[in-house]
Amino acid sequence: MQRAASSMLKKENSLGWKLVSPTVILLMILILYPVGYNIYISFFDYGITSSTFVGLENYVRVFKDSAFWKSFFITVGFTLMTVIGSILLGLVVALMLNKEFKGRAIVRTIVLLPYITPLISIVFSWKYIFDPSYGPFMQLFSQTLGWVSPQLDLLNNSNNAFLVASVFNIWRNFPFVYLMLLSRLQSIPDDYYEAAEIDGATPWKRFTNITLPELYFVMGAVALMRGIWNFYKFDEVYLISKRAGTLPIFIYERVIGTTSPEYGVAAAIATILMVIMLFLITAYVKKVLKW
Amino acid sequence: MVKKKSPFKRGMFVFGILLICFFILIPFYFMVHVSLKADYDPNKLTFSNFTVRNYLEIFGLIQSSETEFFGDEIIRANLEPVLKRIEALKERTASLESYARYVHEVQLEAKEKELRDIVDLVIDFSGIEVQNREEFIERAIIPGTEETEIVEENMKSIFSANDVKKFTDLREEVDSALTEESLMSGLENAKAQLKSYEAQRDKIIEERASEFPFLRYLRNSLVFAGTSALISLIVAILGAYAFSRLRFKGRSSVQRSVLFVYLFGGTVIMVPLYQMAVKLGILTTPLGTGIYLIMVYVIQTLPVSLYMLGNYFRTIPFSIEEAAIIDGCSRIQAIFKIVIPLSLPAIVTVYIYAFMIGWNEYLFASAFLGLKSYKDLFTLPIGLNAFSGSAHAVWGRLMAASVVSAIPIIIIFSLMQKYLTSGFTAGGVKE
């Protein structure tokens, strides 16, 4: 009997490994090896034909490069703005759509549109809106209202392009926050609110004492997740403006968008990015997933 | 419990809802609006009346010439100056004689006139006695003659030393311009110039002739996203079954590394993945590039597929499978006969997610396809973005393409909203 059980376990063990082996092989070849290779490249002056070991020189160069620091702070600003913006907007929308009203089903579908529409379908519309010469934004605020200077170029100026990218990112990603918060809101028992109302709590008190503590955990999780994702967000930023200047674009411009690619430097920046992300991910895993 | 609400609060609430809807829908409005207008005229900055021509255009049903789009005037304005220059340069570079004639007539005429004027001035001021004024001036502007020395002597008393030097320099230049050596080098330069203008002309004509290959981009995107999502789904069904049902050594560490990838971005592994492809020579053929791109998409979509399917499999009671196994089914058979049919909604959901990740992907497609310029393999994101950056960026067609690529996704989503939204919240979606 015991032998039968142990052979069953053995069978299960081997079957399990057989079933996950495609996953593991793909992970090894296309994730683990590249991550290691990336660190390796970052210690070399990596040309197209030859490469020489330069130790930490790439890192020194990166840290001395003021363009890197500018890009770094733009990235941090972009991440902070988008995380805070999408959480605030998502929270407000979730609270509003948690109330019953006529036509709520339609509004709930509309709210999801930004998140599910393919990026490439909607990004040109945003570019059109902010286009410096014939975009409706400039038409309204510059020509009709005269609030901004007609020389203002929101898309192609490297000092403010990341602002438009942030607005777009908030617009696109707040439905994700909204969904996560709404599903949590729906699971708060009505009894809590009824009891509080009987005790005479004002709506604001009910919000701060019941709703917020219930949402606290999921909000933290969403903030970390969005922070991690937005920190290395490439396509949403790059397609809005090539000059938004966040770190992923900084790397991209050094490898793909140039005739003399600096693989070593790009790899060093990618490694730095990875280390920062590791901290965020570890925080996520420890605080949110609690392994 | 009956709740009474003041009309003011109600109004504010409705206003808030409308404001949010406005904020969400405004880009969609412009997308549809511009797609229904004929292309903008860069000179007028206005649109003409509503038309569906942009849609017919991107599906290749009609092919209007660029003249119809931009109007004859603009085409001519763009092309004519280039053609004129080419014509002039061709005439000039036909032979050494014709070039010498050009140099003499066009370049030297003005300078010689300037020299003559100066000499004329000098004669007037210093009162040199001249018998034949014309002849004297002609000889005076050639260096080394008697007349030249006389003029130079007199000049020094009238002009500053600097001006005199300018005069002699100019004279030297005019004199040396017609030597064979300088003519030859000038001719070479003019020929190079001609070539660059011809290239410019060809570029304008070629860009005009190439229609907007929207259908090809669409097909490529469907193939890349569809294939990679399918492979990812198959791998994920097997893996997720193992994670949720089987106990094996190292399960949790594999699971953890999968979750790790789930939070990892493409930016970090772009450089090494590109270098690996270059070292292995994958990017030299279109087929290899396509397969490599699909595999990269698979690894991007795999974590979320595994995660969502694993969560779903755990909700299927094991007793159903157990009964089948007791009836003589093997484990593998049980997966195909019981688990897969029971989790069909989740499988479809996962496929759609994986498909959308591939459909939206820009970074790797641009790194692998754009660099070697496999234009035939371009996916929608890089194809449209490249088109929007070209000299003939045409908003109407671009927006029509946007609408067409968005509608299928929005319809699928509306039909499956229930499954898809629960998928979002089951653990979030990798981006």
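Is Arg206(A) buried or exposed? Arg206(A) is buried, with a relative accessible area of 15%. Keep that residue in mind, as it comes back below in a salt bridge. One thing to know before we go on: what you see above is a predicted model.

## The two chains

Let's start with chain A. Its secondary structure comes to 12 helices and two strands. Walk along from the N terminus and the elements run α-β-β-α-α-α-α-α-α-α-α-α-α-α. In other words, a helix opens the chain, the two strands follow, and helices take over from there.

Chain B is built from helices: there are 20 of them, and zero strands.

Here is how the two chains look side by side.

| Chain | Residues | Buried residues | Exposed area | Share of that area from carbon and sulfur |
|---|---|---|---|---|
| Chain A | 291 residues | 53% | about 13,800 Å² | 65% |
| Chain B | 431 residues | 49% | about 22,200 Å² | 59% |

What about contacts that reach across the sequence? Take the contacts in chain A between residues at least 6 apart in sequence: 67% of them join residues at least 24 apart. For chain B, counted over residues at least 6 apart in sequence, 71% of the contacts join residues at least 24 apart.

## Two helices that cross

Now zoom in on a pair of helices in chain A. Two packed helices are described by the angle between their axes and the distance between the axes. For helix H2 (residues 57-64) of chain A and helix H3 (residues 66-97) of chain A, the axes come within 5 Å and cross at roughly 70 degrees. Angles of 65 to 115 degrees count as roughly perpendicular, so H2(A) is roughly perpendicular to H3(A).

Which residues make the contact between H2(A) and H3(A)? On the H2(A) side they are Val62(A), Phe63(A) and Lys64(A), and on the H3(A) side they are Ser66(A), Phe68(A) and Trp69(A). Sort these by class and you get four nonpolar, one polar and one charged residues.

## Salt bridges

How many salt bridges does a search of the whole structure find? Over all chains, the search turns up nine. Let's look at some of them.

Back to Arg206(A), then. Its partner is Glu197(A), and the closest N and O atoms of this salt bridge are 4.0 Å apart. The two partners sit in unlike surroundings: Arg206(A) is buried at 15% relative accessible area, whereas Glu197(A) is partly exposed at 29%.

Another bridge in chain A joins the side chains of Glu262(A) and Arg254(A), at 4.0 Å from N to O. Glu262(A) is partly exposed, with a relative accessible area of 30%. This pair also belongs to something wider, since Arg61(A), Arg254(A) and Glu262(A) are linked in a network of salt bridges.

Over in chain B, Glu321(B) forms a salt bridge with Arg245(B), and here the closest N and O atoms are 2.7 Å apart. This pair links distant parts of the chain: Glu321(B) is in helix H14 (residues 318-326) of chain B and Arg245(B) is in helix H10 (residues 214-245) of chain B, with their positions 76 residues apart in sequence. Both Glu321(B) and Arg245(B) are buried.

## Three residues to find in the model

Try Ser42(A) to begin with. You'll find Ser42(A) in the loop between helix H1 (2-41) and strand S1 (44-46) of chain A. Ser42(A) is buried, with a relative accessible area of 0%. Leaving aside neighbours within four places in sequence, Ser42(A) has contacts that include Gly55(A), Asn58(A), Tyr59(A) and Thr271(A).

Next comes Val177(A), which sits in helix H7 (residues 161-186) of chain A. At 1% relative accessibility, Val177(A) counts as buried. Not counting residues up to four places away in sequence, Val177(A) touches Ser86(A), Ile87(A), Gly90(A), Val222(A) and Arg226(A). Take Arg226(A) from that list: Val177(A) and Arg226(A) are 49 residues apart in sequence, yet their C-alpha atoms are 8.7 Å apart in space.

Finally, hop over to chain B for Pro345(B), in helix H16 (residues 344-360) of that chain. Pro345(B) is partly exposed, with a relative accessible area of 25%. Pro345(B) and Met416(B) are 71 residues apart in sequence and 9.1 Å apart in space, from C-alpha to C-alpha.

Conventions:
Residues numbered from 1 in each chain as written. Chains lettered and ligands numbered in written order. Predicted model: local features only at pLDDT ≥ 70, side-chain atom pairs only at ≥ 80, totals over all residues. Heavy atoms only, no water. Axes fitted to C-alpha atoms, helices over the stretch in contact; angles between N-to-C directions. Helix = DSSP H or I, 4+ residues; strand = E, 2+ residues; numbered from the N terminus. Parallel < 35°, antiparallel > 145°, perpendicular 65-115°, else oblique. Contact = heavy atoms within 4.5 Å. Nonpolar A, V, L, I, M, F, W, Y, C, P; charged D, E, K, R; others polar. Buried < 20%, exposed > 50% of the residue type's maximum accessible area, 1.4 Å probe, protein only. Areas by Shrake-Rupley, 256 points an atom, 1.4 Å probe, with all protein chains shown as cover.
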